[in-house]
Amino acid sequence: MKFGNTCCTLNVGGRRFSFSAEMMKRLPLSRLSRLHRCVSESELLELCDDYDRDSNEFFFDRHSEAFSFIMLYVQHGKLRFVPHMCELSFYNEMLYWGLESADLQLCCQRRLDERMSDCFVHFFPEEAPRSPEEPRNRWLERMRRTFEEPTSSVAAQILAFVSILFVIVSMVMMCASTLPDWKSAETLDQHRVIEAVCIGWFTAECIIRFLVSRDKCEFVRRPLNIIDLLAITPYYISVTATMLTGENSQLQRAGVTLRVLRIMRIFWVIKLARHFMGLQTLGVTLRRCYREMVMLLVFICVAMAIFSALAQLLEHGLDLEAGNEDYASIPAACWWVIISMTTVGYGDMYPVTVAGRVLGGVCVVSGIVLLALPITFIYHSFVQCYHELKVRSARCSHSLSTDFIN
């Protein structure tokens, strides 16, 4: 082959596209990057339909116009559907070349979501061919899938069920330990035993997942793994402090820090996100919509600054002697603004003057409008993330079920 010193020609559906070898490596299309890494003609033919050694031309029996639109995305960073082409067909072309629905423009993503929902269609992108692995590597990969992918096998589903059961038991015990009837010495001893068993399970699970992970640094940086660490560490800190200071020491009785560490066990609830797609979708949506969330916070902060200053002036500033003491300061009025904009209205403070009530009505209406503005973007991102996770889960179950049957 002639990689590295000549141009490569891609013949897609009878239409030729020429690229240099260096550009082929930089293209954000996984199929072409894998094509460049091939070392034999047999590997090439697994990725393309035919290959001409003399002209260094690769043949793909795919939609040429769809590939042209994909190349426009590579050049300009905007990917849209081909006019008069089925959305599902174009999405299939995208998956073939290594793109995902997140690469589409928002308007096209919405069309694809609606189309996939109407047709109940799931696509399964092709994965990169795996090199022959040693038995030990295959065993580690099987272990990793069992602990990381709850739908990969029956063993993974059983493991996920046991993990969820431990989370539920630990949460119930933590809530019950705050009841007055559960504070006797015998009950506290039973609670400590159950808590130690749950912590032991979570610790063993976290250690095994760390040992079988592909990239240890990436494992430590994952948000769910950080949450696991935050949920497990306080227990060992509190046990260490108890061993060093004694069960009934002054530090234990007045240890606010230790009580804070114990209550951090509530983070175990977030461990359920590892097994439920809805919680995963929420986390991915918040990560992708951080700009919209920041915009929402800016809207609220600006409105709070304006309405709290006006409320303090109308309710207290104009008549310092007979004014409403609940609005004695702008920070105090900020509380009234936030519960009014979110239409919560606890009733602990409210305007009594006519001007203040008019301002309150304007504040409530403004809050409804301001809070509704970013909701469209967040909702669309949530739907998109849900479809992606559902397709990924279906693809994982499909591929692993096929391996199991074979």
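**Close-up views of a predicted model**

**View 1. Surroundings of Asn324 in the loop between helix 15 and helix 16 (330-341).** Leaving aside neighbours within four places in sequence, Asn324 is in contact with Glu315, His316, Tyr350, Pro351 and Val352. The model shown here and in the other views is predicted. Asn324 has a relative accessible area of 13% and is therefore buried, the limit for that class being under 20%. A polar atom of the Asn324 side chain lies 3.1 Å from the backbone nitrogen of Asp326.

**View 2. The whole protein chain, for orientation.** The chain has 406 residues, of which 38% are buried. Its secondary structure comes to 18 helices and four strands. Among contacts between residues at least 6 apart in sequence, 63% join residues at least 24 apart.

**View 3. The largest nonpolar core.** This core holds 37 residues, and Leu10, Phe58, Phe60, Phe90 and Trp97 touch the most other members. Two or more residues each are given by strand 1 (7-12), strand 2 (15-20), helix 2 (30-36), helix 3 (41-47), strand 4 (57-60), helix 4 (64-76), helix 5 and helix 6 (106-119). The most comes from helix 5, with seven residues. In soluble globular proteins, nonpolar side chains tend to be buried together.

**View 4. Glu93 in helix 5 (residues 87-97).** The relative accessible area of Glu93 is 8%, so this residue is buried. The side chains of Glu93 and Arg62 are joined by a polar contact of 3.2 Å. Apart from neighbours within four places in sequence, the residues in contact with Glu93 are Arg62, His63, Ala66, Ile70 and Met85.

**View 5. Phe59 in strand 4.** With a relative accessible area of 25%, Phe59 is partly exposed. The C-alpha atoms of Phe59 and Asn11 are separated by 4.7 Å, although the two residues are 48 residues apart along the chain. Asn11 is also one of the residues that Phe59 touches when those up to four places away in sequence are not counted. The others are Cys48, Asp49, Asp50, Tyr51 and Asp52.

**View 6. Packing of helix 14 (residues 277-288) and helix 15 (residues 290-317).** Two packed helices are described by the angle between their axes and the distance between the axes. Here the axes come within 5 Å and cross at roughly 70°. Angles of 65 to 115 degrees count as roughly perpendicular, and helix 14 and helix 15 are therefore roughly perpendicular to each other. Helix 14 makes the contact through Leu286, Arg287 and Arg288, and helix 15 through Tyr290, Glu292 and Met293. By class, the contact has three nonpolar, no polar and three charged residues.

**View 7. Glu388 in helix 18 (residues 375-405).** Glu388 counts as buried, at 10% relative accessibility. Not counting residues up to four places away in sequence, Glu388 touches Ser101, Ala102 and Arg288. Of these, Arg288 also belongs to the residues of helix 14 that make the contact with helix 15. The C-alpha atoms of Glu388 and Asp113 are separated by 9.9 Å, and the two residues are 275 residues apart along the chain.

**View 8. Glu148 in helix 7 (residues 135-148).** At 18% relative accessibility, Glu148 counts as buried, because the class takes values under 20%. Between Glu148 and Arg209 the C-alpha to C-alpha distance is 7.5 Å, and the pair is 61 residues apart in sequence.

**View 9. Two loop residues with positive phi, His84 and Thr343.** His84 is found in the loop between helix 4 and helix 5. Its phi is positive, about 60°, although His84 is not a glycine. His84 is exposed, with a relative accessible area of 89%. Thr343 lies in the loop between helix 16 and helix 17 (354-372). Phi of Thr343 is near 55°, again a positive value in a residue other than glycine.

Methods. Residues are numbered from 1 along each chain as its sequence is written. This is a predicted model: local features need pLDDT of at least 70, side-chain atom pairs count only at pLDDT 80 or more; totals for chains, interfaces and linings use all residues. Side-chain values use heavy atoms; hydrogens and water are left out. Axes are lines fitted to C-alpha atoms, for helices over the stretch in contact, and angles run from 0 to 180 degrees between N-to-C directions. Angles under 35 degrees count as roughly parallel, over 145 as roughly antiparallel, 65 to 115 as roughly perpendicular and the rest as oblique. Contact means heavy atoms within 4.5 Å. Ala, Val, Leu, Ile, Met, Phe, Trp, Tyr, Cys and Pro count as nonpolar, Asp, Glu, Lys and Arg as charged, and the others, Gly among them, as polar. Buried means under 20% relative accessible area, exposed over 50%, partly exposed in between (1.4 Å probe, protein chains only). A polar contact is a pair of N or O atoms within 3.5 Å; within protein, one must be able to donate a hydrogen and the other to accept it, and residues adjacent in sequence count only if both atoms are side-chain atoms. A nonpolar core is a set of buried Ala, Val, Leu, Ile, Met, Phe, Trp, Tyr and Cys residues joined through side-chain atoms within 4.5 Å.
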